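The following exercises concern the packing of helices and strands in a single model. Each task is followed by a solution in steps.

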Amino acid sequence: MGTPRSYQTQAIVIKQIKLGEADKILTIYTPEFGKLKVVAKGACRPGSKLGGNVEPLTYSLMMLARGRNLDIVTQSQTIDGFLALKSDLRLMAYGLYVLELIDSFTMENSENRPLFDLLLDALHWLSQSDSNEIVLRYFELHLLYYLGYRPELHRCVRCNSPLKPVVNFFISSQGGILCPCCSQNEPMSRSLSVNALKILRLWQNCDCATAKRVKVKSELSLELKQVLQGYIVYLLQREVKSTAWLDELKKLLVDNNCGAN
């Protein structure tokens, strides 16, 4: 038997690019095939049945027909449109950051079911949560795990000794922590407080509901963000574009709140 001409899959739309006047090229993430690029014909036309079902930050059930270069979306039905994310600029920025990380780290046609589940869960958590910074850090940490970049948080990556409850140092190039002694000749290592290390260890081994119960003060939150995003930038060898937008948006919201007081 030959390959079926059409197939069905769940898909989270990561991004879209206009193709000509009427069509879109979509990047989608699926449970069975990983990341795919597909064509949504006529999606830009007013009244298109595909329309809102193929926007980024949409979880849909899609019917796809095999094409010569790219497969074609013939039907799409929204399972969850994540309206809470799309109707709040800050939450939308968080959602787009999560999508950009998935897009940046994954190759096409490389199945990773746990990563699909993590992405879907993260979009739900962001829609329902007031602990969004924790959700992002939890997502980053588990994304790294499912991609094979789980940071070593229990032993020094150089001398292999168990880490003591003192200020240690994170080194992105070695994917983990250096003890104070081994960090002395490593100018690229970043200090990591006792509390930051405790939280990272907890988050690495718990579910998101447990992670969100941890109270994290703003200074510690910033430390965790800098360590994880520094590691991500090192792995990608470039900045993540949406982080700049996120930071700018946060600054704008703070300035507006200050102006209102």
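**Exercise 1.** Determine which residue in S7 stands opposite Ile 171, and describe how the strands concerned are joined.

*Solution.* The model is predicted. Step 1: the residue of S7 that faces Ile 171 is Gly 176. Step 2: strand S6 (residues 168–171) and S7 run antiparallel and are joined by three bridges.

**Exercise 2.** State the strand order of the open sheet and explain which strands stand at its edges.

*Solution.* Step 1: three strands form this open sheet in the order S7-S6-S8, and their pairing is antiparallel. Step 2: strand S7 (176–178) and strand S8 (190–192) each have a single partner strand, so one side of each lacks a neighbour in the sheet, and both stand at the edges. Step 3: from one strand to the next, the twist averages 45°.

**Exercise 3.** Identify the strands touched by helix H5 and by helix H7.

*Solution.* Step 1: helix H5 (residues 194–204) packs on the sheet and touches S6, S7 and S8. Its direction makes about 80° with that of S8. Step 2: helix H7 (residues 218–236) also packs on the sheet, touching S6 and S8. The direction of H7 makes about 135° with that of S8.

**Exercise 4.** Describe the relative orientation of H2 and H3 and the residues at their contact.

*Solution.* Step 1: the axes of helix H2 (residues 89–105) and helix H3 (residues 113–128) come within 10 Å and cross at roughly 170°. Step 2: angles over 145 degrees count as roughly antiparallel, and H2 is therefore roughly antiparallel to H3. Step 3: the residues that meet include Leu 91 and Tyr 94 in H2, and Leu 115 and Leu 119 in H3. Step 4: the contact of H2 with H3 comprises 10 nonpolar residues, one polar and no charged.

Definitions and conventions: Residues numbered from 1 in each chain as written. Predicted model: local features only at pLDDT ≥ 70, side-chain atom pairs only at ≥ 80, totals over all residues. Heavy atoms only, no water. Axes fitted to C-alpha atoms, helices over the stretch in contact; angles between N-to-C directions. Helix = DSSP H or I, 4+ residues; strand = E, 2+ residues; numbered from the N terminus. Parallel < 35°, antiparallel > 145°, perpendicular 65-115°, else oblique. Contact = heavy atoms within 4.5 Å. Nonpolar A, V, L, I, M, F, W, Y, C, P; charged D, E, K, R; others polar. Pairing = 2+ DSSP bridges.
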